[in-house]
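Colleague: Please take one part of this model and go through it closely, starting from the charged side chains. I would like to know how they are joined and what surrounds them.

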Amino acid sequence: MGRMLVVAMGEGAVGIGDRIFSFSAGAVFFLQQGSVFRLVSGEVQVGHFLCFNVRYVDYFLLQYPLGRGLSLFGELVAVELDGERLGLVLNRIRVLAVELDRGAGFDHLKLLFSLLLLDMVRDRFVLADLSPSSVEGKEKFWGLLEGHFASERSTKFYAREMGMTPRRLRECCRQWYGGKGVFELVMDRLLSEAEFLLLTTDLPIKAIAYELGFSSAENFGTYFVRYRGLTPKQFRAKALEA
């Protein structure tokens, strides 16, 4: 069983094992199994202490292989979230709580947990054998993707913003992200957002399609089937049955 602490309000210091960590709003601590946690000073005015099945992490790494450089349970990982990301994470936690209360199944919960974990640690992704310049390039590309995935799918756009040729960017992305090309990465991010909207809102599928930049619900459905193996309607219905 894994554990994490998300601090929504508060300031002080915590002890985990023989280490001391200062914290403020936006701090997240992943706790090694068996670690002793204690409050050293200050207080956590509002926080969330989550326990979760470690199989959820296996699913996360399957969906987002660029995260395999992280070791959440072999060592302690501390993360600092800015205000915008903290708000998103807290919303994900509220959704998880609602789904737990209604008895959601394992498949549904592991998807929601993966989205939560992605928001927490995506800027900590580490890949082996990359030079500092490559790491910087990877982080720049990820930032561009997060900012434009709903409006830009062209390799030329991302290559121009990165100051690379399209061919060079495709080569870099395959190195950084386990063999995936630029368009595949954009679609993965788009459809992860689509899954979240399908699971957590009552928006019509057509509205979700337009919000994510698809030309029509049919076009959205075509890509969803290609990359997820079922239609958006089937995905939503299966989640509700879980």
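Modeller: The part I would choose is a network of salt bridges that links K180, D188, E195 and R228, a salt bridge being a side-chain nitrogen of Lys or Arg within 4 Å of a carboxyl oxygen of Asp or Glu. The model is predicted, so local features need pLDDT of at least 70 and side-chain atom pairs count only at pLDDT 80 or more, whereas totals for chains, interfaces and linings use all residues. Residues are numbered from 1 along each chain as its sequence is written, and side-chain values use heavy atoms, with hydrogens and water left out.

Within this network, D188 has two partners that can be described individually. The side chain of D188 meets that of K180 in a salt bridge with an N to O distance of 2.4 Å, and it also meets the side chain of R228, here with an N to O distance of 3.9 Å. The pair of R228 and D188 links distant parts of the chain, since R228 lies in helix α9 and D188 in helix α7, 40 residues apart; helices here are DSSP runs (H or I, at least four residues), and strands are E runs of at least two. Both D188 and K180 are buried, a class that means under 20% relative accessible area, with exposed over 50% and partly exposed in between (1.4 Å probe, protein chains only). For D188 the relative accessibility is 14%, which is why it counts as buried.

The helices themselves give this network its setting. The axes of α7 (residues 182–200) and α9 (residues 217–228) come within 10 Å and cross at roughly 105 degrees, where axes are lines fitted to C-alpha atoms over the stretch in contact and angles run from 0 to 180 degrees between N-to-C directions. That makes α7 roughly perpendicular to α9, the class for angles from 65 to 115 degrees. On the α7 side the meeting residues are F183, E184, M187, D188, L191, S192, A194, E195 and L198, and on the α9 side they are F220, Y223, F224, Y227 and R228, contact being heavy atoms within 4.5 Å. By class, this contact has 9 nonpolar, 1 polar and 4 charged residues. D188, E195 and R228, which belong to the salt-bridge network, are therefore also among the residues through which α7 and α9 meet.

For comparison, the salt bridge between E171 and R168 has its closest N and O atoms 3.7 Å apart. These two residues are 3 residues apart in helix α6 (residues 166–176), and so are separated by about one helical turn. E171 is partly exposed, with a relative accessible area of 36%, and R168 counts as partly exposed at 42%. By the rule given above, the model has a count of 9 salt bridges.

A word on confidence belongs here, pLDDT being the predictor's confidence in each residue, from 0 to 100. The protein chain has a mean pLDDT of 83, and 88% of its residues reach 70 or more. Among its elements, helix α8 (residues 205–211) has the highest mean, 94, and helix α1 (residues 55–63) the lowest, 74. Over residues 126–133 the pLDDT is below 50, and this stretch has 11 contacts in the model beyond near neighbours in sequence.

How values were computed: Angles under 35 degrees count as roughly parallel, over 145 as roughly antiparallel, 65 to 115 as roughly perpendicular and the rest as oblique. Ala, Val, Leu, Ile, Met, Phe, Trp, Tyr, Cys and Pro count as nonpolar, Asp, Glu, Lys and Arg as charged, and the others, Gly among them, as polar.
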